Amino acid sequence: MYPNFDAVKKVLLKENHISPEDNLAAENATDDNQSYLNYLIGHDLLTKKLLGEVLAKTYELPYADLAEHPVTQENIDAMPEAIARSNRIVVLKSNATTVIVATDTAQELHAKKKKIQELLGVTQVGFAYTLPEYIDTSFKLYEKPLETRFSQIINSGRQIAPGIVDEIVKDALSYHASDIHFEPRATDAVIRFRVDGNLHVAAKLPKEYYENILNRLKVEGAMRIDEHFVPQDGAITREVDGRKIDLRIALVPTVYGEKVAVRLLNAYVQDYTLTDIGLSEAHCQMLQDYSKKPFGMILSVGPTGSGKTTTLYALLKLLNQPNVNITTMEDPVEYKIDGINQIQVREASNLTFARGLRSIVRQDPNIILVGEIRDQETAEIAVNAALTGHLMLSTFHANDAATAIPRLIDMGVEPFLLASTMEVVIAQRLVRKICGVCRYSLPVADAIKAAEAHPDLKKYFGPGDKTYAGKGCVACSDTGYHGRMALFEFIEMTPEMRDLIITNPSTPQVEALARKQGSGSMFEDGLSKVKNGMTTVEELVRVVEPPRKAAK
């Protein structure tokens, strides 16, 4: 992917972007150039922007950061698609005689320059370097609407169902959708994508083609095509643009036919770092400090879809070293990680969380991840594993960090065992991030009014505070948001907190002591992210409620 890899490594070391120790750790932990860079990025030792700048320097070109300054539709229209794709270029600026382009393939620039001059009829061509993923994102602007592509497939006479499914999956991936919904209605079928937690209609399909598309998904997912009245589950592994994508399929019968929900398990989630998911520098350091302990429990809590597993995966990436044995028990195993032993729960063969966890502790692990604590047996085994020399990571359904402790005790975990093993409880919720391209400043009063939030929210803003919003643009599909991050609250197990847990406390008691010791709430974390221009007041109050009393 990066042919100038040796030159990049040389610049990183020469200019002290990474230390010799970091370089050695990356080389020892990986076996190819791409993995080396992913290791550095995953451990917050290198940013995408710095990587792009270093690569541009090795080619002696300026760097075009298309993440901060995406190309416009006007830029795209200035270059025929065939020329852009074959040369891996996008226009940055152009006029009648000159064009400046960004490319991710900076080899043989002289030959490419002459070719572009001839194809576009200009006298001057200038080059800048950008990362491959930004070129791919820019190429999305060449895509015709999904329904237009459906019509082309139908009119082409080729296999309709496979072609339509391919286009839907490709489109969903380009928008970083987490789920695709195929929903039959009375006269048509609606295709919806869940992007950044919100569903939107991607296209509508004539009902007459839906049955064939449904059968195509059933065949690929190894489900029964002659069964129409019971729920079914399946899985598909596809290759899209050279990437392997895992799809998890759930099918249920409705009054208008069978509805399908497809979860896209995209590998880009594996690249998330602790900073990417929204942890502050202080919280990152706290979590890394606790993860260095040889035993104890780190618990991530929140409702379904709040990013708990992603947080633990980001932490596992930091812990994944050749000298430790990491084993996980998950249902399902969503993202496969090299160097980690991942076990899939299988109820049919009695491989439950509890049974699997008993086996794991006999496998000489250093670190154990249990996908979810669901029952008393799993909770007790997990606590005992943390007590007997293992670092235990797990998720748990609770509304906030303070609620998790009384709930575990109510589940049957002995308070003195919980007090001895728990190290930190992390609660989180996901909010959408403001699009970096169309972000603008918004007066606090207008932000509160736009969010239809309670006027008392003004108490949390000072005279110098600002709020922000997104106007909506091509980069964010006119939503004003692009991507998501989490709001967090941490409760640390101080000596006073451990003493309190032994007394079987209520949620208000745990919360009161945590606040007294300086633990911030998710609302306070969200408020700081609102003021820093990362998310909006509207998103904050949608996800978490302000405390009953104003922050001091």
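**Notebook: helices, cores and pairs**

I began just past helix H10, where His 176 follows the helix and has a positive phi, near 55°. I note at the outset that this is a predicted model, and I read every value below with that in mind.

**Helix H10**

I then went back to the helix itself, which covers residues 160-174 and has 15 residues. From its first C-alpha to its last, H10 reaches 21 Å, close to the 21 Å expected at 1.5 Å a residue. I looked up how much of H10 is covered and found 11 of the 15 residues buried, so the helix is largely enclosed by the rest of the structure. I listed the buried positions, and they include Pro 162, Gly 163, Ile 164 and Val 165, as well as the acidic residues Glu 167 and Asp 171.

**Arg 149 and its link to H10**

Asp 171 led me to Arg 149, since a polar contact of 2.8 Å joins the side chains of these two residues. I placed Arg 149 in helix H9, residues 146-156. I asked myself whether Arg 149 is buried or exposed. With a relative accessible area of 7%, Arg 149 is buried, because the cut-off for that class is under 20%. Leaving out residues up to four places away in sequence, I found that Arg 149 touches Glu 143, Lys 144, Glu 167, Lys 170 and Asp 171.

**Arg 542, for contrast**

I also looked up Arg 542, which sits in helix H22, residues 537-543. Its relative accessibility is 48%, so Arg 542 counts as partly exposed. I checked one long separation from this residue: Glu 15 is 527 residues apart from Arg 542 along the chain, and their C-alpha atoms are separated by 45 Å.

**Helix H16**

I turned next to H16, residues 401-410, and recorded it as mostly covered, with 8 of its 10 residues buried. Among the buried residues I noted Ala 401, Thr 403, Ala 404, Pro 406 and Leu 408. At the start of H16, I found a side-chain oxygen of Asp 400 reaching to within 3.3 Å of the backbone nitrogen of Ala 402. Just after the helix, Gly 412 takes a positive phi of about 120°.

**Nonpolar cores**

I asked which residues have the most contacts inside the largest nonpolar core. That core has 64 residues, and the ones with the most contacts inside it are Leu 299, Met 392, Phe 396, Leu 418 and Met 497. I followed Phe 396 further and, not counting residues up to four places away in sequence, listed its contacts, which include Leu 299, Val 301, Ile 373, Ala 404, Leu 408 and Met 411. A second, separate core of 47 residues came up as well, and Ile 76, Val 91, Ala 106 and Tyr 129 are included in it. Ala 404 and Leu 408, both touched by Phe 396, are also among the buried residues of H16.

**Leu 251 and Leu 214**

I placed Leu 251 in strand S8, residues 243-254, and it counts as buried at 2% relative accessibility. Leu 251 and Gly 234 are 17 residues apart in sequence, and I read 8.4 Å between their C-alpha atoms. Outside its sequence neighbours up to four places away, Leu 251 touches Leu 214, Lys 218, Val 230, Pro 231, Gln 232, Glu 258, Lys 259 and Val 260.

From there I went to Leu 214, which is found in helix H11, residues 210-220, and is buried with a relative accessible area of 1%. With the sequence neighbours up to four places away again left out, Leu 214 touches Leu 251, Glu 258 and Val 260. For Leu 214 and Val 260, which are 46 residues apart in sequence, I noted 8.0 Å from C-alpha to C-alpha.

**Aromatic pairs and cysteines**

I searched the whole structure for aromatic pairs and recorded 4. One of them is formed by Phe 139 and Tyr 142, a tilted pair at 6.1 Å centre to centre with 50° between the planes, and both residues are buried. I also looked at Phe 488 and Phe 490, whose ring centres are 6.3 Å apart and whose planes lie at 55°, so this pair is tilted. Phe 488 counts as buried at 1% relative accessibility, and Phe 490 is buried with a relative accessible area of 5%.

Last, I asked how many disulfides the structure holds. The count is 0. I looked up two cysteines and found that Cys 284 counts as buried at 6% relative accessibility, while Cys 435 counts as buried at 2%.

Terms used
Residues numbered from 1 in each chain as written. Predicted model: local features only at pLDDT ≥ 70, side-chain atom pairs only at ≥ 80, totals over all residues. Heavy atoms only, no water. Helix = DSSP H or I, 4+ residues; strand = E, 2+ residues; numbered from the N terminus. Buried < 20%, exposed > 50% of the residue type's maximum accessible area, 1.4 Å probe, protein only. Expected span 1.5 Å × (residues − 1). Core = buried A, V, L, I, M, F, W, Y, C linked by side-chain atoms within 4.5 Å. Contact = heavy atoms within 4.5 Å. Disulfide = S-S within 2.5 Å. Polar contact = N/O pair within 3.5 Å; in protein donor to acceptor, adjacent residues only side chain to side chain. Phe/Tyr/Trp six-rings, centres within 6.5 Å; stacked < 30°, edge-to-face > 60°.
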